Every structure is written in structure tokens, then in C-alpha cells.
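Student: Could we go through this protein together, slowly? I have the structure open and would like to know what to look at.

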Amino acid sequence: MAKWYTQYAKVYDQEVGSIDNDVIEKVRAQIQLSSSSDPIISIVVIAYNEERKLLACLWSLAEQRCHLPMELIVINNNSTDQTESILKRLGVTYHNELKQGPGFARQCGLDQARGKFMLCVDGDTMYPPSYVETHVKVLDRPGVSATFSLWSFLPLARQSRTFLWFYEGLRDIYLNLQYIKRPELCVRGMVFSFKTDLGREVGFRTDIKRGEDGSMALGLKHYGKLKFIRSKEARALTGQNTLSADGSLANSFFVRLRKAIRSLSGLFSGKKHYHDEDSNKIE
């Protein structure tokens, strides 16, 4: 039986010119069908130079199984490649944010969102068909201000899937421990959702290079619970940019293991402020 991401993975990290035009037209049509003029859910994608991955991301979002009306918004964050051309070709609603950085891009999306719920998405990530529905069911509960879920990495050619599975398993254990007292540090922008009105009360920080997601989550704790969704129905699939920055998968594993060991003492203490160093999280 094919995995949910099989068809999306075929176009992931591919030159758009090499992709069959029928596929592009199919995605374009699905985006139009899934877009509502009166949305309850705003799916906000941020993209910086994602010309090779954006099609797979948007395809997965256009095929979401959700009974509530949605809008799909892409924030083109000053891309220098063909990202904007792809957005035009797909007919998706998009806005250009010229100030560089995820904080600026996500805030631009928040300013444009019309739905009651806002789901943050990264343009290099693919989402299972029940992702949106799973998040919103939890987010709509009384006393919940935000939700976040887990993610996996798309395996590379000739890479040990067993070792990758082992790495993700240990990381997930660490995140579950971190969630007890420091849930905001478990949040990643690509799998993060919140009630839009509360998000506007907090706003995304633009004065830090990374950590705008965790900072927003910390602010949202004042308005309700941050709920950790562990279901595979909400487990996204992304590329390995954050891992490959440290070389091989094995080297990435040991870099993160040392980081986790150093931060163990802080797992069981709360925090009232979010500093730039808090963005040094376990991926």
C-alpha cells in the first residue's frame, strides 16, 4: 500500500520544468476547489527560495480532508529564485514580504489571515491528508490556545532508514520530556497552529533570527494550553536541511545528543521569557 506522501514525493525537490504539466494543472484546480471566500481555517505557508519543493507542499495542502472552509495563503519571503512564478502558475493567493526572516513572513501571514484558526506551514514540508482536521479538532477545545505536532524527515538516497527512525524516536522522547515544563520549546513553525485572535494579541517577534514560533507559543500560554498532538495523522514530512547542516546523519545525531545532554537540567523548570538562545532547539 502506498504511503500518503508517495505522489508528493515524486515532485519534491524537482525542477518544475521537468514535472508533467498535467500534474501542475491538477494541483492548480485542487487549490481553487479547496479555497473558500469565507474561511474558518487559514493555512499560511512561508516560502523562501522553495521553487523545487513548494509544489509538493501545496499539493498536500490542497488535498486535505477537512469539513470546514479553508483559505490557503503563501508568503513569498523575498525569494530570489522562481518561487513567485510557481505561485502565479498555481493561482494561489500570495503576498510578498520583503523583510527577510521567518518572523516577518509569519507576521505578514497573520496580518492577512481571515480564519478563526491559523495553521503555520513551511514551504518545504508535506502534510498528511487529515493534518488540518486533526489540529483544528484539538484547537477548538475550550481552554486551548495553540497546538503543535511531530514531524519526520524524508529519507535521502542510500541513507539508513533504520538509523533515521532511531534518531527521530529519541528526539520524540526528548520532546515529550520537554513538554512537561517547557512546551514552547517543543514548537516548530511548520507544525504549529493557534487561534488567530489570540495570535494577534501576542504577535510574532521579528527581532530574532529564529525562535519566532516558540516565542509566540510562550505568549499564547497566557491565554490557554499548548496541546501536543502526537497522532500520526498530524505528523508532517520535511526535508533534511537542518540535519545536513551538520554533515552526515550520524554526525547530526551526535551534535544533537550533546545538545540534549547539556540542556537536561532545564527540562523541568518553567520560563517566563523567551530569548534568542532558546531557538537552539533539537530538530
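**A walk through the model**

Tutor: Let us begin with Trp-165, which counts as exposed because its relative accessibility is 64%, and keep in mind that this is a predicted model.

Student: Where does Trp-165 sit?

Tutor: Trp-165 belongs to helix 7, which covers residues 161-179.

Student: And which residues form a nonpolar patch on the surface with Trp-165?

Tutor: The patch is made up of Trp-165, Phe-166, Leu-170, Ile-173, Leu-177 and Ile-180, and together they have about 620 Å² of accessible area.

Student: OK, and for the protein, what share of the exposed area do carbon and sulfur atoms supply?

Tutor: Carbon and sulfur atoms supply 52% of the area that the protein exposes, which comes to about 13,200 Å². As for the inside, 55% of the 283 residues count as buried.

Student: How many helices and strands are there?

Tutor: The protein has 11 helices and 10 strands.

Student: Changing topic, how many aromatic pairs are there?

Tutor: The count comes to 11 aromatic pairs. One of the pairs is formed by Phe-148 and Phe-228, which are stacked, with 4.8 Å from centre to centre and 25° between the planes.

Student: Why does that pair tie together parts that are apart in sequence?

Tutor: Phe-148 lies in strand 6 (residues 144-149) while Phe-228 lies in strand 9, so the pair ties together parts that are 80 residues apart in sequence.

Student: Are Phe-148 and Phe-228 buried or exposed?

Tutor: Both Phe-148 and Phe-228 are buried. Elsewhere, ring pairs link Trp-4, Tyr-5, Tyr-8 and Trp-59 into a cluster.

Student: Back to Phe-228 for a moment, what lies 3.4 Å from its backbone oxygen?

Tutor: A polar atom of the side chain of Arg-230 lies at that distance from the backbone oxygen of Phe-228. Arg-230 itself is found in the loop between strand 9 (225-229) and strand 10 (236-238), and Arg-230 counts as partly exposed because its relative accessibility is 44%, which falls between the 20% limit for buried and the 50% limit for exposed.

Student: Which residues is Arg-230 in contact with, leaving aside its neighbours within four places in sequence?

Tutor: With those neighbours left aside, Arg-230 is in contact with Leu-150, Asn-176 and Tyr-179. The side chains of Arg-230 and Asn-176 make a polar contact at 2.5 Å, and although these two residues are 54 residues apart along the chain, their C-alpha atoms are separated by 9.4 Å.

Notes. Residues numbered from 1 in each chain as written. Predicted model: local features only at pLDDT ≥ 70, side-chain atom pairs only at ≥ 80, totals over all residues. Heavy atoms only, no water. Helix = DSSP H or I, 4+ residues; strand = E, 2+ residues; numbered from the N terminus. Buried < 20%, exposed > 50% of the residue type's maximum accessible area, 1.4 Å probe, protein only. Contact = heavy atoms within 4.5 Å. Polar contact = N/O pair within 3.5 Å; in protein donor to acceptor, adjacent residues only side chain to side chain. Patch = residues over 30% accessible without salt bridge, like charges linked within 9 Å, V, L, I, M, F, W, Y side chains within 5 Å. Areas by Shrake-Rupley, 256 points an atom, 1.4 Å probe, with all protein chains shown as cover. Salt bridge = Lys/Arg side-chain N within 4 Å of Asp/Glu carboxyl O. Phe/Tyr/Trp six-rings, centres within 6.5 Å; stacked < 30°, edge-to-face > 60°.
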